[in-house]
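Q: Could you take a close look at the surroundings of the ligand in this one and walk me through them? I'd like to know which parts of the chain supply the residues there.

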Amino acid sequence: MNPDQYLLTSPKVAKLLNVHESSIKRWCNSGELPTQTTEGGHRRISWTAFQEFSDTRELSHPYTPFKKEALMVYLGHQQLLKKNQPLSLQETIQTWMSRNELCYIAPLLLLVLNETKWNYSYIFDNILFPSLKQVGQWWLNGKITTSDEHRISQEWQQGLIISRFHIHKNIEFSHKPLKAIVACSEENTHEIACHCLRLILEYRGIEVIFLGARVPTSDLIKAQLHYRTELVCVSYSPYNKVKDIELAHETLSNNYDPFRPYALAFGGVPLKGWNPPKNKSPFLHEGTFSDMIFFEKWLDEWHSS
Ligand code: B12
């Protein structure tokens with residue numbers, strides 16, 4: 001999208017700059033903020049004029065940190081808010097990652113997560129997951145090195161942690177909050193999905209016992225007994241095999257203590273099409289997920305019941 005051709009109305013500009021509409025009118029009338037007139041005689045401000053004006057006046061707006069990609073982030077953010085595929089964001093992120101401009105990832109996550117709390121799972125499934133899938137592809141094709149892959153995934157992980165501190169600093173847990181264990185399965189070092197789960201759960205006031213990478217199933221059992229959590233969430237990566245899932249499920253079932261009941265959520269790419277053995281679920285409630293959107297729905301149903 002050419003920023004010269006993308007036109008904003010005065011109220012939109014006022015909202016972006018967090019100023020009164022009368023100030024925009026004044027700036028337009030004095031010529032400080034250049035305008036164009038539509039065929040119908042309405043005043044419009046091009047993105048370029050808006051950005052130059054805000055830069056020279058040092059008036060920041062939510063998209064200021066993204067510099068030359070500010071318009072693409074703005075458009076992607078609008079798509080996200082309307083629950084459309086955030087194609088502009090996906091494209092922009094790819095550009096940043098391929099150019100090693102990783103400093104934009106954390107501010108982007110902070111921006112979208114902060115304003116779309118009702119929709120975390122949509123962001124994780126539609127922004128984080130495809131972006132990192134692309135990184136995996138680049139690594140497979142030899143387009144990036146292992147250390148590039150590590151740097152990029154670190155940046156995403158840190159973005160989630162930073163967002164958690166900014167967004168959740170005001171969350172107060174109730175006197176007796178529900179508790180959940182969040183962990184990667186045995187042999188799984190891919191812990192980014194666990195950071196996503198933590199945000200989804202904490203937003204709902206659920207206290208998270210975060211166990212991170214490579215957690216043996218025996219440790220899950222011990223931790224659930226120790227912390228008496230009502231929920232256990234385990235993340236699997238494409239690296240895990242179906243037999244890993246089956247074994248963990250069987251071990252958890254066999255060690256389930258009905259006096260310490262809990263719900264179980266298994267998730268990750270290898271869970272696609274996998275169902276727990278029929279009539280063998282002792283758990284309070286159980287779900288398997290290959291994405292976060294269904295998990296969030298399941299969680300809200302379980303949480304409200
Ligand atoms: C980043 C990354 C790493 C990082 C992880 C860093 C970290 N702190 O997490 C590092 C460098 C450590 C790493 C290591 C390895 N990796 Co790696 N890695 C990736 C990469 C690029 C992205 C993974 C990621 O974070 N995705 C983003 C998250 C959000 O996606 P996700 O975990 O799938 O979660 C989503 C859903 O699955 C679901 N979900 C996941 N868990 C859960 C849980 C619940 C409860 C719910 C509801 C939902 C849910 O929701 C999420 C949002 O949509 C992938 C590429 C890919 N295609 O996935 C390769 C990939 C997974 N890795 C791969 C490999 C081979 C490895 C290594 C073996 C490399 C090596 N030789 O050492 C090791 C594995 C070590 C181990 N024992 O696990 C392969 C696996 C292929 C295979 N089928 O075996 C992949 C696919 C790359 C490839 N194309 O070959 N990796």
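A: Here's a walk through the ligand's surroundings, and then the sheet that shares some of the same elements.

Keep in mind that this is a predicted model. The chain is assigned three domains: domain 1 (7-61), domain 2 (74-167) and domain 3 (179-304). For the ligand, look at domains 2 and 3, since each of them gives at least three residues to the shell. There are 36 residues around the ligand, and the ones that come nearest are Gly136, Ser153, Ser235, Gly267 and Phe295. Sorted by class, the shell has 18 nonpolar, twelve polar and six charged residues.

As for who supplies what, helix H7 (120-140) gives the largest share, with nine residues. At least two residues each also come from helix H8 (146-167), helix H9 (192-203), strands E6 and E7, and helix H12 (292-304).

Now for the sheet. E6 and E7 sit in an open, five-stranded sheet with parallel pairing, ordered E5-E4-E6-E7-E8. Its edges are strand E5 (207-212) and strand E8 (285-289), each of which pairs on one side only. On average, neighbouring strands here are turned by 15° against each other, ignoring direction. Helix H10 (residues 217-227) packs on this sheet and touches strand E4 (179-184), E5 and strand E6 (231-235), with its direction at about 165° to that of E4.

Over on the other strand that helps line the ligand, E7 (residues 263-267) runs parallel to E8 and is joined to that strand by five bridges. One of the residues involved is Leu264, whose bridge partner in E8 is Glu286.

Key. Residues are numbered from 1 along each chain as its sequence is written. This is a predicted model: local features need pLDDT of at least 70, side-chain atom pairs count only at pLDDT 80 or more; totals for chains, interfaces and linings use all residues. Domain bounds come from an automatic or database domain assignment. Two strands pair if DSSP finds at least two bridges between them. Helices (H or I, at least four residues) and strands (E, at least two) are DSSP runs, numbered from the N terminus. Axes are lines fitted to C-alpha atoms, for helices over the stretch in contact, and angles run from 0 to 180 degrees between N-to-C directions. Two residues are in contact if their C-beta atoms, placed from the backbone, lie within 7 Å. A residue is near a molecule or strand if its C-beta atom, placed from the backbone, lies within 6 Å of it. Ala, Val, Leu, Ile, Met, Phe, Trp, Tyr, Cys and Pro count as nonpolar, Asp, Glu, Lys and Arg as charged, and the others, Gly among them, as polar.
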